[in-house]
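User: Could you take a close look at the salt bridges in this model for me? I'd like to hear how the partners pair up and how buried or exposed they are.

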Amino acid sequence: EKVEKAELDPNAEVEYIDFDEIVAVIGKSKFSRYLRLVMSLQVAKSQRVDVEAKIKAKTAVLRNRIIAHIAEITEEDLAGQHGHNQLRRQIHRFLNELLFDDGIERVQDVLFREFQVQ
C-alpha cells in the first residue's frame with residue numbers, strides 16, 4: 001500500500017511571516033539548558049496582512065505561551081526529528097488557538113529556521 005501525504009493546494013500562494021526569536025529555559029533539565037528558536041509561519045498570501053496584524057497585537061501572549069510550554073518539557077522531548085515535529089505541531093496549535101476563535105487554521109505551518117539547545 002502506498003500512502004500519499006496530503007499536500008497544500010499547489011494553486012494557493014503562500015507566504016512566510018518571520019516570528020521573533022525565542023530563547024527559553026528547558027524546564028525539566030538537570031542543568032540550565034536553553035532552547036533558542038527562530039521560526040517562520042506559513043500562511044496563505046491572501047491572509048498574510050490579517051494574520052500579521054493579529055500576531056503583532058498578541059506577540060507577548062504568544063511568546064509567553066511558547067516559553068511556558070518549553071518550561072514544561074525535557075531535553076529528551078526535543079530530541080531528533082520526532083521531537084522537532086512534535087514541538088512544531090504544538091506551537092502551530094497554540095498560535096491558531098490564541099489568534100483565531102473560529103476554528104479555522106490560518107497559520108498553515110510552523111517552520112524552524114534555527115533550533116539550538118544550549
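Analyst: Happy to help; here is a walk through the salt bridges, pair by pair. This is a predicted model, in which local features need pLDDT of at least 70 and side-chain atom pairs count only at pLDDT 80 or more, while totals for chains, interfaces and linings use all residues. Residues are numbered from 1 along each chain as its sequence is written, and side-chain values use heavy atoms, with hydrogens and water left out.

The structure holds 10 salt bridges (a side-chain nitrogen of Lys or Arg within 4 Å of a carboxyl oxygen of Asp or Glu). One of them joins Glu114 to Arg36, with the closest N and O atoms 2.3 Å apart. Because Glu114 sits in strand β3 (residues 107–117) and Arg36 in strand β2 (residues 34–44), this pair ties together parts 78 residues apart in sequence; strands here are DSSP runs of E, at least two residues, and helices are runs of H or I, at least four, numbered from the N terminus. Arg36 is buried at 18% relative accessibility, whereas Glu114 is partly exposed at 33%. Here buried means under 20% relative accessible area, exposed over 50%, and partly exposed in between, using a 1.4 Å probe and protein chains only.

Within helix α1 (residues 48–57), Glu52 and Arg48 lie 4 residues apart, about one turn of the helix. Their side chains meet in a salt bridge at 3.2 Å, N to O. Glu52 is partly exposed at 34%, and Arg48 is partly exposed at 23%. Glu15 joins these two residues in a network of salt bridges.

Finally, Arg106 and Asp102 form a salt bridge at 2.6 Å, N to O. Arg106 is buried at 16%, while Asp102 is partly exposed at 40%.
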